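The following paragraphs offer a guided reading of a molecular model, moving from strand pairing to individual side chains. Please keep the sequence and the coordinates in view while reading.

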Amino acid sequence: SQPSTNTVEEPLDLIRLSLDERIYVKMRNDRELRGRLHAYDQHLNMILGDVEETVTTVEIDEETYEELYKSTKRNIPMLFVRGDGVVLVAPPLRVG
Amino acid sequence: MSMRKQTPSDFLKQIIGRPVVVKLNSGVDYRGVLACLDGYMNIAIEQTEEYVNGQLKNKYGDAFLRGNNVLYISTQKRKV
């Protein structure tokens with residue numbers, strides 16, 4: 001059914017409420033983005049501004065089998081995100 | 001809620017507002033209250049908890065899950 005203000009919202013309508021807000025995006029391949037949502041579409045393609053990307057890797061010590069988690073961050077002023085890599089979208093964690 | 005003959009879309013309409021478990025293809029679990037979903041299985045959950053290997057890893061006030069990653073959506077009985 002077509003979305004209107006009277007009917008039950010669909011998940012994408014709720015993403016619309018995050019426009020111009022900072023959001024958190026979990027991507028495939030252990031990547032996370034934090035940035036300001038400027039635009040999105042039904043594929044979850046997004047334009048994010050002022051982005052911090054975190055890439056997390058796990059190294060396993062061959063002898064001790066210890067897991068060593070590393071994360072690498074970089075900053076990107078403006079980013080086009082292809083929707084098929086998106087797993088989860090959330091407003092940044094708020095306190096309280 | 002007894003299961004009579006119903007289509008998957010009937011089930012999806014029925015469970016809105018209930019506590020659910022959403023498992024992704026990657027094995028990550030999300031538990032929370034189902035706010036809404038669509039025909040692509042895109043999901044909006046409230047009060048979400050993220051479990052990896054059975055361990056609570058993260059909490060989100062609201063979370064949107066892209067439908068292609070969803071393995072299943074299940075209701076859960078709220079434990080008091």
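Which residue of β3(A) does A:A39 stand opposite? In this predicted model, the residue facing A:A39 is A:I47 in β3(A). The two residues belong to a longer pairing, in which β2(A) and β3(A) run antiparallel and are joined over eight bridges. As background, the strands of a sheet pair through backbone hydrogen bonds, in either a parallel or an antiparallel sense.

The other pairing of β2(A) may be considered next. Strand β2 of chain A, residues 31–40, also pairs with strand β1, residues 22–27, in the antiparallel sense, and six bridges connect them. Within this pairing, A:I23 has A:G35 in β2(A) as its bridge partner. The hairpin formed by β1(A) and β2(A) has three residues between the strands, and A:N29 in this hairpin takes a positive phi near 60°. Strand β1(A) is further joined by four bridges to strand β5 of chain A, residues 86–90, and these two strands run antiparallel. Here A:K26 stands opposite A:L88 in β5(A).

These pairings can now be placed in the whole sheet. The sheet is open, comprises ten strands and has antiparallel pairing, in the order β4(A)-β3(A)-β2(A)-β1(A)-β5(A)-β4(B)-β3(B)-β2(B)-β1(B)-β5(B). At its edges stand β4 of chain A (67–81) and β5 of chain B (70–75); each has a single partner strand, so one side of each is left without a neighbour in the sheet. From one strand to the next, the twist averages 35°.

Salt bridges add side-chain links to this backbone arrangement. In general, side chains of opposite charge can pair when their charged atoms come close. Over all chains, a search of the whole structure finds nine salt bridges. One of them is formed by A:D50 and A:R22, whose closest N and O atoms are 3.5 Å apart. This pair links distant parts of the chain, since A:D50 lies in strand β3 and A:R22 in strand β1 of chain A, 28 residues apart. A:D50 counts as exposed at 52% relative accessibility, whereas A:R22 counts as partly exposed at 31%.

Another salt bridge brings together the side chains of A:R31 and A:E53, with an N to O distance of 2.8 Å. A:R31 is in strand β2 and A:E53 in strand β3 of chain A, so the pair ties together parts that are 22 residues apart in sequence. Is A:E53 buried or exposed? A:E53 is buried, because its relative accessible area is 8% and the buried class covers values under 20%. A:R31, by contrast, counts as partly exposed at 32% relative accessibility. A:R31 and A:E53 are also linked with A:R74 in a network of salt bridges.

The side chains of A:K70 and A:E59 likewise meet in a salt bridge, at 2.9 Å from N to O. Because A:K70 lies in strand β4 and A:E59 in strand β3 of chain A, the pair ties together parts that are eleven residues apart in sequence. A:K70 is partly exposed, with a relative accessible area of 39%, and A:E59 counts as partly exposed at 38%.

Attention may now turn to the surface and to the backbone angles. A:V58, A:I60, A:Y65 and A:Y69 make a nonpolar surface patch of about 470 Å². Of these residues, A:I60 is placed in strand β3 of chain A, residues 46–60, while A:Y65 lies in the loop between β3 and β4 of chain A. A:Y65 counts as exposed at 63% relative accessibility. Most residues other than glycine have a negative phi. A:Y65, although not a glycine, has a positive phi of about 60°. In chain B, the phi of B:Q47 is also positive, near 50°, in a residue other than glycine. B:Q47 is placed in strand β3 of chain B, residues 43–52, and counts as exposed at 53% relative accessibility.

The last residue considered is B:K57, found in strand β4 of chain B, residues 55–65. B:K57 counts as partly exposed at 46% relative accessibility. Neighbours within four places in sequence left aside, B:K57 is in contact with B:E50 and B:V52. Between B:K57 and B:T75 the separation is 18 residues in sequence and 21 Å in space, C-alpha to C-alpha.

Definitions and conventions
Residues numbered from 1 in each chain as written. Chains lettered and ligands numbered in written order. Predicted model: local features only at pLDDT ≥ 70, side-chain atom pairs only at ≥ 80, totals over all residues. Heavy atoms only, no water. Patch = residues over 30% accessible without salt bridge, like charges linked within 9 Å, V, L, I, M, F, W, Y side chains within 5 Å. Areas by Shrake-Rupley, 256 points an atom, 1.4 Å probe, with all protein chains shown as cover. Salt bridge = Lys/Arg side-chain N within 4 Å of Asp/Glu carboxyl O. Pairing = 2+ DSSP bridges. Axes fitted to C-alpha atoms, helices over the stretch in contact; angles between N-to-C directions. Buried < 20%, exposed > 50% of the residue type's maximum accessible area, 1.4 Å probe, protein only. Contact = heavy atoms within 4.5 Å.
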